[in-house]
Amino acid sequence: SGTADIFHYELITKMSAVPETILKNQKASSETIAARVAAKAARKKANATARRDVYKRAEKHAAEYAATEKALIRNRRIAKNSGVFYVDPQPKIALVIRIRGINAVDPKTKKILQLLRLRQIHNAVFVRLSKPMKQMLTLVTPYITWGYPTLKTVKDIMYKRGYGKVGGQRVPFTTNSVIEGVLGKIDIICIEDLIHEIYTCGPNFKQANKFLWPFKLSSPKGGYKKKRINFAEGGDAGNREEYINALFQRMN
């Protein structure tokens, strides 16, 4: 009976023993799960830090906008009380919208529209208002309308119509990482930084504007008046100064 007991014990031991491969797999699986949990915790911590940084930047930009507006109002009030005229600072940027298609476009006009990245009707871009740029806009006046965007217009078009150029692809601004991945090297890490750089025409305006894909707007509610006539004469083409904001709201 002793021999039978020993045989029975060895049989139970062999049946209850776990193969080494299964033990290794279980260990690797537990290590993988632990690594995933640790990575998730690290990402959560990094995201919280990034959100705080973005919030602080947004607050800083908002304070700067408010201070600029207060200074403008104060200077106007001082000038009025002193009986003199106050000239507002000249706009630094313009929002340019293409209002006509490709029919009967001469080669020179077509080339300028390509340089402005206005390849389709209702495309819109921001430009820096320099003397050469104003000359270019004058040459293609029958095909575009442009003016000086407000902060609200810049924010609205960025948040609703904003896309970036990432690896030659049109990528929506779903997260700030899309912006940081391309413009992080010039300290633009979120959409509020991008809005600030464009609106204030900052030192990195060229890189920031190049990153932006041309905005695609809708047809204006209520339609156009007369595309071929200048805005100053009752039409739609050319410079409409601050009235570009009303047109944009109809096309947004």
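The exchange below concerns salt bridges and burial in a predicted model.

The model is predicted, so that local features need pLDDT of at least 70 and side-chain atom pairs count only at pLDDT 80 or more, while totals for chains, interfaces and linings use all residues. Residues are numbered from 1 along each chain as its sequence is written, and side-chain values use heavy atoms, with hydrogens and water left out.

Visitor: How many salt bridges does the structure hold?
Guide: A salt bridge here is a side-chain nitrogen of Lys or Arg within 4 Å of a carboxyl oxygen of Asp or Glu. By that criterion, the number of salt bridges in the structure is six.

Visitor: How far apart along helix α2 are R57 and D53?
Guide: R57 and D53 form a salt bridge, with their closest N and O atoms 3.6 Å apart. Helices are DSSP runs of H or I with at least four residues, and strands are runs of E with at least two, numbered from the N terminus. Both residues lie in helix α2 (residues 20-82), and because they are four residues apart there, what separates them is about one helical turn.

Visitor: Is R57 buried or exposed?
Guide: Buried means under 20% relative accessible area, exposed means over 50%, and partly exposed is in between, as computed with a 1.4 Å probe on protein chains only. Its partner D53, at 32% relative accessibility, counts as partly exposed. R57 has a relative accessible area of 17%, and therefore counts as buried.

Visitor: Which residues are linked with D53 and R57 in a network of salt bridges?
Guide: The pair R57 and D53 does not stand alone, since it belongs to a network of salt bridges. The other members of that network are D187 and D193.

Visitor: Where does D88, the salt-bridge partner of R76, lie?
Guide: The side chains of R76 and D88 meet in a salt bridge at 2.7 Å, N to O. This pair links distant parts of the chain, 12 residues apart, with R76 in helix α2 and D88 in the loop between α2 and β1 (93-98).

Visitor: What is the relative accessible area of R240, which forms a salt bridge with D236?
Guide: The closest N and O atoms of R240 and D236 are 3.4 Å apart. D236 is buried, with a relative accessible area of 6%. R240 is buried as well, and its relative accessible area is 5%.

Visitor: How many of the nine residues of helix α7 are buried?
Guide: Helix α7 (residues 191-199) is mostly covered. Its buried residues include D193, E192 and H196, and the count of buried residues is eight.
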